[in-house]
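Colleague: Before I rely on the labels attached to this model, I would like to hear how each one was reached.

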Amino acid sequence: MSEKNKPSLSLSVQYPDTRLKTILTRSRMRRWVQSALFAPACITIRLVDAEEGRILNKEYRGKDYATNVLTFAYSEEQDDSNEVSADIVLCTDILQNEAAEQGKSLLAHAAHLTIHGILHAQGYDHEDEQEAEEMEAIEVELLAKLRIANPYQS
């Protein structure tokens, strides 16, 4: 898709956890988000530490631990607008730990989780095997276009 054909994007990046601000730059994140959009969008990405990640996961999903990415999709609540509206929360502590454990670069893992969250915001899920396979295939294809290796291969 050429630059002119990409859906419009309003992106806000919040850095309450500033440790990775110089690595996970707004321009990088914009590129990752834009690569996964199939419709115009208004997206906020918030980078948080493990404490805030745990609080959000407990409050909204009933799970008392920090997770790597949370997606809060609001598009279904809007009227006839086709715009994707969502907040994506990336937990930097989990992101760093997983990248190290899996032998992946921090940027590759962050790109994957950002794309994963954006796909959730657009209605993709992985609750059953068929959905998971479809979502993973889209992630792998999008990441390949960004020259990032398949995250599901060991």
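The exchange below takes the labels in turn.

Modeller: This is a predicted model, in which local features need pLDDT of at least 70 and side-chain atom pairs count only at pLDDT 80 or more, while totals for chains, interfaces and linings use all residues. Residues are numbered from 1 along each chain as its sequence is written, and side-chain values use heavy atoms, with hydrogens and water left out.

Colleague: Why is S12 called partly exposed?

Modeller: Buried means under 20% relative accessible area, exposed means over 50%, and partly exposed lies in between, with a 1.4 Å probe and protein chains only. S12 has 31% relative accessibility and therefore counts as partly exposed. S12 sits in strand β1, residues 9–14, where strands (E, at least two residues) and helices (H or I, at least four) are DSSP runs numbered from the N terminus.

Colleague: What does S12 touch, leaving out residues up to four places away in sequence?

Modeller: S12 touches I43, T44 and I45, a contact being heavy atoms within 4.5 Å.

Colleague: What makes α1 and α4 oblique to each other?

Modeller: Helix α1 (residues 26–36) and helix α4 (residues 106–121) pack at an angle of about 45°, with their axes 9 Å apart; the axes are lines fitted to C-alpha atoms over the stretch in contact, and angles run from 0 to 180 degrees between N-to-C directions. Angles under 35 degrees count as roughly parallel, over 145 as roughly antiparallel, 65 to 115 as roughly perpendicular, and the rest as oblique, so α1 and α4 are oblique. The contact involves R28, M29, W32, V33, S35 and A36 of α1, together with L107, A110, A111, T114, I115, I118 and L119 of α4.

Colleague: Which residues of α1 are buried, and what covers them?

Modeller: In α1 the buried residues are M29, W32, V33, Q34 and A36, and their cover includes β1, β2 (41–48), β4 (84–91), α4 and α5.

Colleague: Is C91 buried or exposed, and how does C42 count?

Modeller: C91 has a relative accessible area of 1% and is therefore buried, whereas C42, at 32% relative accessibility, counts as partly exposed. The structure holds 0 disulfides, a disulfide being a pair of cysteine sulfur atoms within 2.5 Å.

Colleague: What is notable about phi of R147, and why is R147 called exposed?

Modeller: Phi of R147 is near 65°, a positive value in a residue other than glycine, whereas most residues other than glycine have a negative phi. R147 lies in the segment after α5 (129–145), and its relative accessible area is 80%, so R147 is exposed.
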